[in-house]
Structure formats: structure tokens, C-alpha cells
Amino acid sequence: ICAVDMRPHRFGDLAIAQTSVARLNAIVLRADIGDRQIWHVLADSASATYMLTCFKDAAEEFDGRVIDTSAFISLASN
């Protein structure tokens, strides 16, 4: 989904990269909350549905999950 190596020991907390994600231009920022690895992806809003589908597919393959804004706010307040 992305050419940047996102493994924790290669793309640390507060790392940022401008890259291609699911064949779309994007900026990826890692900003951990506690012991949870959190990635923010900034991309063109017109492609949001396509990108979300790609993320859900990739997350399912690697036993991860995609959260929405309300879940993120809840996570940040813990």
C-alpha cells in the first residue's frame, strides 16, 4: 500500500513522509499515543472512500483496524 518502510524500528514516533499511498499522493505522520502506534494519513478528500477501502483491506490482512475520529478522540483521552 506504501513504499515507505513503516516498521516501528524504521519509521519512529513523530516521523513524517510524503509518499504514495494506495497510488495516491499523501503525507504520513506517525504520532503514537501511549504504547499504541498511530499513523495519520493526509490525502485528497475526493479519494477518501477509495483510500478507506484500501486501508480496511490492508488492516484486515495484518490483524489491524481503522478507526474514525470519535474512536481517536476516545483513545487520546485515555
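**Notebook: salt bridges**

I began with D32 and R30, which form a salt bridge with the closest N and O atoms 2.7 Å apart. The model I am reading is a predicted one.

Next I looked up how accessible the two partners are. D32 has a relative accessible area of 23% and is partly exposed. R30 comes out at 6% relative accessibility, so R30 counts as buried. The cut-off matters here: buried means under 20%, and therefore D32 at 23% is not in that class.

I then asked how many salt bridges there are by this rule. The count is three.

I moved on to D5. R7 pairs with D5 in a salt bridge, and their closest N and O atoms lie 2.6 Å apart. R10 also meets D5 through its side chain, at 3.5 Å from N to O. The limit is 4 Å, so the R10–D5 pair at 3.5 Å qualifies.

Which residues are linked in a network of salt bridges? I noted D5, R7 and R10.

I checked accessibility for these residues too. D5 sits at 27% relative accessibility and counts as partly exposed. R7 is partly exposed as well, with a relative accessible area of 45%. R10 reaches 58% and counts as exposed. Exposed means over 50%, so R10 at 58% passes that mark, while R7 at 45% does not.

Why might such pairs form at all? Side chains of opposite charge can pair when their charged atoms come close.

My closing note covers both places. D5 has salt bridges to R7 and to R10. D32 has a salt bridge to R30, and R30 is buried.

Technical notes: Residues numbered from 1 in each chain as written. Predicted model: local features only at pLDDT ≥ 70, side-chain atom pairs only at ≥ 80, totals over all residues. Heavy atoms only, no water. Buried < 20%, exposed > 50% of the residue type's maximum accessible area, 1.4 Å probe, protein only.
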